[in-house]
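Open the model in a viewer and keep the sequence panel beside it. The stops below say what to select and what is found there.

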Amino acid sequence: MDFTVAICTFNGAERLPPVFDRLQGQQTTGFTWEILVVDNASTDTTAIVVERYQKTWPISAPLRYVQEFQPGLTHARRKAFHEAKAEIVGFLDDDNWPDPNWVSHAYYFGLNHPRAGAYGSCVRPVFDQDPPPGFERIIFFFAIQPSTKVYCHNDRRHRLRRAFPAGAGLVVRTKAWQQSLPEEQLLDGVKGASLQTKGEDMEMVSRIFRQGWEVWHCGDMKIQHHIPNDRFEPEYLQKFFRGIGRSRYVTRMQAYPVWWGWLLIPAYLTIDMFKIGIYFLQNFQDLKTDVIKASEWKLLLSVPEGLFVYIRLIFESKVFLS
(Lines give C-alpha, C1' and ligand atoms only; values in the text may rest on other atoms or scores of the structure.)
Protein backbone atom coordinates (compact mmCIF):
# COMPACT_ATOMS: atom_id res chain seq x y z
CA MET A 1 0.00 0.00 0.00
CA ASP A 2 1.41 3.40 -1.02
CA PHE A 3 -0.79 5.87 0.85
CA THR A 4 -3.17 5.77 3.82
CA VAL A 5 -5.93 8.29 4.48
CA ALA A 6 -6.58 8.22 8.24
CA ILE A 7 -9.77 9.73 9.66
CA CYS A 8 -9.77 10.04 13.45
CA THR A 9 -13.30 10.58 14.70
CA PHE A 10 -15.37 10.85 17.85
CA ASN A 11 -19.15 10.61 17.43
CA GLY A 12 -18.77 11.32 13.73
CA ALA A 13 -21.85 9.48 12.46
CA GLU A 14 -23.34 12.67 10.98
CA ARG A 15 -20.05 14.21 9.83
CA LEU A 16 -18.42 11.22 8.10
CA PRO A 17 -20.74 10.73 5.09
CA PRO A 18 -19.63 13.92 3.25
CA VAL A 19 -16.00 12.90 3.78
CA PHE A 20 -16.63 9.39 2.44
CA ASP A 21 -18.52 10.76 -0.56
CA ARG A 22 -15.58 12.97 -1.51
CA LEU A 23 -13.07 10.16 -1.02
CA GLN A 24 -15.07 8.02 -3.43
CA GLY A 25 -14.54 10.69 -6.07
CA GLN A 26 -10.75 10.95 -5.75
CA GLN A 27 -8.81 11.00 -9.01
CA THR A 28 -5.93 8.60 -8.38
CA THR A 29 -3.73 6.72 -10.81
CA GLY A 30 -0.41 4.91 -10.53
CA PHE A 31 -0.50 3.99 -6.83
CA THR A 32 -2.52 2.08 -4.26
CA TRP A 33 -4.22 3.67 -1.26
CA GLU A 34 -6.63 2.94 1.56
CA ILE A 35 -8.97 4.72 3.98
CA LEU A 36 -8.58 3.96 7.69
CA VAL A 37 -11.25 5.19 10.13
CA VAL A 38 -10.04 5.35 13.73
CA ASP A 39 -13.04 5.49 16.07
CA ASN A 40 -11.87 7.23 19.24
CA ALA A 41 -14.32 5.89 21.84
CA SER A 42 -17.48 7.07 20.07
CA THR A 43 -20.84 6.60 21.78
CA ASP A 44 -23.04 7.19 18.73
CA THR A 45 -23.65 5.11 15.58
CA THR A 46 -20.27 5.80 13.96
CA ALA A 47 -19.52 2.07 13.59
CA ILE A 48 -22.89 1.45 11.92
CA VAL A 49 -22.37 4.29 9.44
CA VAL A 50 -18.93 2.98 8.46
CA GLU A 51 -20.27 -0.56 8.10
CA ARG A 52 -23.07 0.67 5.82
CA TYR A 53 -20.54 2.38 3.56
CA GLN A 54 -18.27 -0.68 3.57
CA LYS A 55 -21.10 -2.86 2.19
CA THR A 56 -21.55 -0.68 -0.88
CA TRP A 57 -18.04 0.77 -1.20
CA PRO A 58 -17.57 1.34 -4.97
CA ILE A 59 -13.83 1.99 -5.35
CA SER A 60 -10.77 -0.25 -5.14
CA ALA A 61 -9.24 1.64 -2.19
CA PRO A 62 -10.41 -0.36 0.86
CA LEU A 63 -12.35 1.29 3.67
CA ARG A 64 -11.12 -0.06 7.02
CA TYR A 65 -12.39 0.54 10.56
CA VAL A 66 -10.50 0.24 13.85
CA GLN A 67 -11.20 1.43 17.39
CA GLU A 68 -9.04 3.29 19.89
CA PHE A 69 -10.68 3.21 23.30
CA GLN A 70 -8.28 5.62 25.05
CA PRO A 71 -9.77 9.09 24.57
CA GLY A 72 -7.58 11.74 22.99
CA LEU A 73 -6.68 12.68 19.45
CA THR A 74 -3.01 11.86 20.10
CA HIS A 75 -3.95 8.27 20.96
CA ALA A 76 -6.15 7.99 17.87
CA ARG A 77 -3.32 9.19 15.66
CA ARG A 78 -0.90 6.73 17.26
CA LYS A 79 -3.39 3.96 16.50
CA ALA A 80 -3.52 5.15 12.89
CA PHE A 81 0.26 4.94 12.51
CA HIS A 82 0.29 1.42 13.95
CA GLU A 83 -2.59 0.23 11.75
CA ALA A 84 -1.72 2.03 8.48
CA LYS A 85 -0.42 -0.21 5.72
CA ALA A 86 1.41 2.65 3.99
CA GLU A 87 4.54 4.61 4.88
CA ILE A 88 2.82 7.93 4.16
CA VAL A 89 -0.28 8.75 6.21
CA GLY A 90 -2.59 11.65 5.38
CA PHE A 91 -4.90 12.78 8.19
CA LEU A 92 -8.38 14.14 7.59
CA ASP A 93 -10.68 15.24 10.39
CA ASP A 94 -14.29 14.14 10.11
CA ASP A 95 -15.24 17.68 9.09
CA ASN A 96 -12.62 17.98 6.32
CA TRP A 97 -13.77 17.75 2.71
CA PRO A 98 -10.89 16.97 0.33
CA ASP A 99 -10.78 18.19 -3.26
CA PRO A 100 -10.88 15.41 -5.89
CA ASN A 101 -7.10 15.38 -6.35
CA TRP A 102 -6.09 15.75 -2.68
CA VAL A 103 -5.01 12.12 -2.27
CA SER A 104 -3.01 12.18 -5.51
CA HIS A 105 -1.22 15.44 -4.66
CA ALA A 106 -0.51 14.21 -1.12
CA TYR A 107 1.01 10.94 -2.29
CA TYR A 108 3.16 12.33 -5.10
CA PHE A 109 4.43 15.23 -2.98
CA GLY A 110 5.73 12.73 -0.42
CA LEU A 111 7.18 10.57 -3.16
CA ASN A 112 9.06 13.53 -4.67
CA HIS A 113 10.24 14.90 -1.29
CA PRO A 114 11.70 11.93 0.60
CA ARG A 115 13.01 14.17 3.42
CA ALA A 116 9.56 15.65 4.06
CA GLY A 117 8.56 14.35 7.49
CA ALA A 118 5.31 16.31 7.58
CA TYR A 119 3.47 18.59 5.19
CA GLY A 120 0.19 20.44 5.37
CA SER A 121 -2.65 21.35 3.06
CA CYS A 122 -4.32 24.48 1.83
CA VAL A 123 -7.34 24.61 4.18
CA ARG A 124 -10.29 26.87 3.42
CA PRO A 125 -13.38 27.37 5.61
CA VAL A 126 -16.97 26.49 4.81
CA PHE A 127 -19.41 28.30 7.12
CA ASP A 128 -23.07 27.51 7.72
CA GLN A 129 -23.56 31.17 8.53
CA ASP A 130 -21.49 34.32 8.39
CA PRO A 131 -18.92 34.37 11.21
CA PRO A 132 -19.06 37.19 13.78
CA PRO A 133 -17.25 40.47 13.02
CA GLY A 134 -13.54 40.21 13.70
CA PHE A 135 -13.42 36.45 13.17
CA GLU A 136 -10.54 36.90 10.72
CA ARG A 137 -8.30 37.71 13.72
CA ILE A 138 -8.75 34.23 15.19
CA ILE A 139 -9.43 32.15 12.08
CA PHE A 140 -5.91 30.65 12.11
CA PHE A 141 -6.77 28.83 15.35
CA PHE A 142 -9.48 26.92 13.45
CA ALA A 143 -6.89 25.13 11.27
CA ILE A 144 -7.51 27.52 8.36
CA GLN A 145 -4.43 27.96 6.17
CA PRO A 146 -5.61 29.22 2.76
CA SER A 147 -2.23 29.73 1.10
CA THR A 148 -1.84 27.99 -2.27
CA LYS A 149 1.95 28.37 -2.20
CA VAL A 150 4.44 25.54 -1.76
CA TYR A 151 7.24 26.26 0.70
CA CYS A 152 9.50 24.56 3.23
CA HIS A 153 9.50 25.70 6.86
CA ASN A 154 13.16 24.73 7.12
CA ASP A 155 14.06 27.60 4.79
CA ARG A 156 15.42 30.58 6.70
CA ARG A 157 12.69 33.01 5.66
CA HIS A 158 9.96 30.65 6.92
CA ARG A 159 11.87 29.15 9.85
CA LEU A 160 11.33 32.13 12.15
CA ARG A 161 7.56 32.23 11.60
CA ARG A 162 6.96 28.80 13.15
CA ALA A 163 3.48 28.73 11.56
CA PHE A 164 3.60 24.98 11.19
CA PRO A 165 0.86 23.12 9.29
CA ALA A 166 -2.41 22.43 11.07
CA GLY A 167 -3.63 18.93 11.81
CA ALA A 168 -6.44 19.20 9.24
CA GLY A 169 -5.05 17.77 6.02
CA LEU A 170 -1.66 17.02 7.59
CA VAL A 171 0.44 14.29 5.96
CA VAL A 172 3.12 12.54 8.03
CA ARG A 173 5.76 10.01 7.07
CA THR A 174 5.59 7.07 9.46
CA LYS A 175 9.40 6.86 9.73
CA ALA A 176 9.57 10.52 10.78
CA TRP A 177 6.91 9.92 13.43
CA GLN A 178 8.72 6.85 14.75
CA GLN A 179 12.06 8.66 14.97
CA SER A 180 10.72 11.86 16.50
CA LEU A 181 7.90 11.04 18.91
CA PRO A 182 8.23 9.45 22.35
CA GLU A 183 5.90 6.66 23.39
CA GLU A 184 3.60 9.28 24.92
CA GLN A 185 3.25 12.88 23.78
CA LEU A 186 2.82 15.51 26.48
CA LEU A 187 -0.50 16.66 24.99
CA ASP A 188 -3.37 14.21 24.52
CA GLY A 189 -5.34 16.69 22.44
CA VAL A 190 -9.10 16.81 22.15
CA LYS A 191 -10.78 14.09 24.23
CA GLY A 192 -14.29 13.54 22.98
CA ALA A 193 -16.12 16.77 23.69
CA SER A 194 -13.43 18.00 26.09
CA LEU A 195 -11.18 20.88 25.03
CA GLN A 196 -8.94 20.96 28.10
CA THR A 197 -5.77 20.94 26.00
CA LYS A 198 -5.07 21.39 22.31
CA GLY A 199 -1.86 21.83 20.34
CA GLU A 200 -1.07 18.13 19.94
CA ASP A 201 -0.52 18.73 16.21
CA MET A 202 2.00 21.49 16.89
CA GLU A 203 3.83 19.29 19.39
CA MET A 204 4.06 16.43 16.89
CA VAL A 205 5.23 18.56 13.98
CA SER A 206 7.70 20.47 16.17
CA ARG A 207 9.31 17.24 17.33
CA ILE A 208 9.60 16.05 13.72
CA PHE A 209 11.15 19.40 12.77
CA ARG A 210 13.67 19.20 15.62
CA GLN A 211 14.84 15.79 14.40
CA GLY A 212 15.96 17.36 11.13
CA TRP A 213 13.07 16.33 8.91
CA GLU A 214 11.67 18.83 6.44
CA VAL A 215 8.27 20.37 7.18
CA TRP A 216 6.36 21.76 4.21
CA HIS A 217 3.19 23.55 3.24
CA CYS A 218 1.80 22.17 -0.02
CA GLY A 219 -0.81 24.54 -1.42
CA ASP A 220 -1.69 22.08 -4.19
CA MET A 221 -3.34 19.84 -1.58
CA LYS A 222 -6.70 21.53 -1.01
CA ILE A 223 -9.39 20.71 1.51
CA GLN A 224 -12.40 22.50 2.95
CA HIS A 225 -12.95 22.68 6.68
CA HIS A 226 -16.62 22.73 7.63
CA ILE A 227 -17.23 25.07 10.57
CA PRO A 228 -20.79 24.74 11.90
CA ASN A 229 -22.77 27.40 13.72
CA ASP A 230 -22.10 26.06 17.21
CA ARG A 231 -18.40 26.92 16.83
CA PHE A 232 -19.39 30.56 17.27
CA GLU A 233 -21.24 30.03 20.55
CA PRO A 234 -19.54 32.01 23.37
CA GLU A 235 -19.39 28.96 25.64
CA TYR A 236 -17.62 26.88 22.99
CA LEU A 237 -15.17 29.66 22.14
CA GLN A 238 -14.26 30.13 25.78
CA LYS A 239 -13.47 26.41 26.20
CA PHE A 240 -11.70 26.30 22.85
CA PHE A 241 -9.31 29.16 23.58
CA ARG A 242 -8.69 28.08 27.15
CA GLY A 243 -7.53 24.74 25.74
CA ILE A 244 -5.16 26.50 23.34
CA GLY A 245 -3.80 28.76 26.06
CA ARG A 246 -3.24 25.89 28.48
CA SER A 247 -1.16 24.12 25.81
CA ARG A 248 0.93 27.12 24.78
CA TYR A 249 4.00 26.45 26.96
CA VAL A 250 4.21 22.84 25.80
CA THR A 251 4.23 23.90 22.15
CA ARG A 252 6.59 26.81 22.83
CA MET A 253 9.18 24.63 24.49
CA GLN A 254 9.33 22.30 21.48
CA ALA A 255 11.16 25.04 19.57
CA TYR A 256 14.25 24.97 21.80
CA PRO A 257 16.80 22.57 23.26
CA VAL A 258 15.60 21.52 26.69
CA TRP A 259 17.62 23.81 28.97
CA TRP A 260 17.28 26.82 26.65
CA GLY A 261 13.54 26.48 26.97
CA TRP A 262 13.65 26.42 30.77
CA LEU A 263 15.89 29.48 30.83
CA LEU A 264 13.48 31.37 28.57
CA ILE A 265 10.41 30.72 30.73
CA PRO A 266 10.84 33.89 32.90
CA ALA A 267 11.06 36.02 29.77
CA TYR A 268 8.01 34.36 28.25
CA LEU A 269 6.02 34.78 31.47
CA THR A 270 6.92 38.47 31.69
CA ILE A 271 5.81 39.05 28.10
CA ASP A 272 2.57 37.13 28.72
CA MET A 273 1.67 39.25 31.72
CA PHE A 274 2.51 42.43 29.80
CA LYS A 275 0.20 41.36 26.95
CA ILE A 276 -2.61 40.69 29.42
CA GLY A 277 -2.27 44.15 30.93
CA ILE A 278 -2.12 45.96 27.59
CA TYR A 279 -5.06 44.04 26.13
CA PHE A 280 -7.21 44.74 29.18
CA LEU A 281 -6.47 48.46 29.11
CA GLN A 282 -7.32 48.65 25.40
CA ASN A 283 -10.41 46.43 25.35
CA PHE A 284 -11.95 46.11 28.84
CA GLN A 285 -15.13 47.94 27.78
CA ASP A 286 -15.87 45.35 25.05
CA LEU A 287 -15.03 42.09 26.81
CA LYS A 288 -18.65 41.38 27.77
CA THR A 289 -20.20 42.28 24.42
CA ASP A 290 -17.65 41.32 21.75
CA VAL A 291 -17.38 37.53 21.39
CA ILE A 292 -14.09 37.71 19.47
CA LYS A 293 -12.39 40.01 21.99
CA ALA A 294 -13.69 37.83 24.81
CA SER A 295 -12.10 34.83 23.07
CA GLU A 296 -8.76 36.59 22.66
CA TRP A 297 -8.93 37.64 26.32
CA LYS A 298 -9.58 34.05 27.42
CA LEU A 299 -6.58 32.90 25.39
CA LEU A 300 -4.28 35.49 26.97
CA LEU A 301 -5.47 34.65 30.50
CA SER A 302 -4.99 30.92 29.92
CA VAL A 303 -1.40 31.11 28.63
CA PRO A 304 0.21 31.63 32.09
CA GLU A 305 -1.91 28.72 33.35
CA GLY A 306 -0.23 26.71 30.62
CA LEU A 307 3.10 27.02 32.42
CA PHE A 308 1.74 24.98 35.33
CA VAL A 309 0.22 22.49 32.87
CA TYR A 310 3.64 22.12 31.23
CA ILE A 311 5.45 21.57 34.53
CA ARG A 312 2.86 18.98 35.62
CA LEU A 313 3.06 17.12 32.32
CA ILE A 314 6.85 17.10 32.40
CA PHE A 315 6.96 15.54 35.84
CA GLU A 316 4.26 13.02 34.96
CA SER A 317 5.88 12.10 31.66
CA LYS A 318 8.04 9.05 31.13
CA VAL A 319 10.33 11.19 28.94
CA PHE A 320 11.41 13.76 31.55
CA LEU A 321 12.56 17.02 30.01
CA SER A 322 12.30 15.67 26.46
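**Stop 1: strand β9 and its partners**

Select Pro98 and look across to Ile223 in β9, which stands opposite Pro98. Before going further, note that the model is predicted, so local features need pLDDT of at least 70 and side-chain atom pairs count only at pLDDT 80 or more, while totals for chains, interfaces and linings use all residues. Residues are numbered from 1 along each chain as its sequence is written, and side-chain values use heavy atoms, with hydrogens and water left out.

Strands (E, at least two residues) and helices (H or I, at least four) are DSSP runs, numbered from the N terminus. Two strands count as paired if DSSP finds at least two bridges between them. Now select strand β5 (residues 96-98): this strand pairs with β9 in the antiparallel sense over three bridges.

Next, select strand β6 (residues 116-127), which runs parallel to β9 and is joined to it by 11 bridges. Two places to click are Ser121, which stands opposite Cys218 in β9, and Pro125, whose bridge partner in β9 is His225.

Strand β7 (residues 150-152) is antiparallel to β9, with three bridges between them. Select Tyr151 to find its bridge partner in β9, His217.

How many of the 14 residues of strand β9 are buried? Buried means under 20% relative accessible area, exposed means over 50%, and partly exposed lies in between (1.4 Å probe, protein chains only). In strand β9 (residues 214-227) 10 of the 14 residues are buried, so the strand is largely enclosed by the rest of the structure.

**Stop 2: from β6 to β8**

Return to β6 and add strand β8 (residues 171-173); these two pair in the antiparallel sense over two bridges. Ala118 has Val172 in β8 as its bridge partner.

**Stop 3: cysteines**

Select the cysteine sulfur atoms. A disulfide is taken as a pair of cysteine sulfur atoms within 2.5 Å, and by this rule the count is zero. Cys218 is in no disulfide, and its nearest cysteine sulfur, that of Cys122, is 9.6 Å away. Cys218 is buried, at 2% relative accessibility. Cys8 is buried as well, with a relative accessible area of 10%.

**Stop 4: Glu34**

Move to strand β2 (residues 33-39) and select Glu34. Is this residue buried or exposed? Glu34 counts as buried because its relative accessibility is 0%. Show its contacts (heavy atoms within 4.5 Å). Leaving aside neighbours within four places in sequence, the residues in contact with Glu34 include Met1, Phe3, Arg64 and Lys85.

**Stop 5: helix α9**

Select helix α9 (residues 258-283), where Phe274 is found. Trp260 is in helix α9 too. Trp260 is exposed, with a relative accessible area of 58%. Measure from Trp260 to Phe209: the two are 51 residues apart in sequence and 17 Å apart in space, C-alpha to C-alpha.

Phe274 is exposed, with a relative accessible area of 58%. To finish, select Phe274, Ile278, Phe280, Leu281 and Phe284, which form a nonpolar patch on the surface with about 520 Å² of accessible area together.

How values were computed. Patch = residues over 30% accessible without salt bridge, like charges linked within 9 Å, V, L, I, M, F, W, Y side chains within 5 Å. Areas by Shrake-Rupley, 256 points an atom, 1.4 Å probe, with all protein chains shown as cover. Salt bridge = Lys/Arg side-chain N within 4 Å of Asp/Glu carboxyl O.
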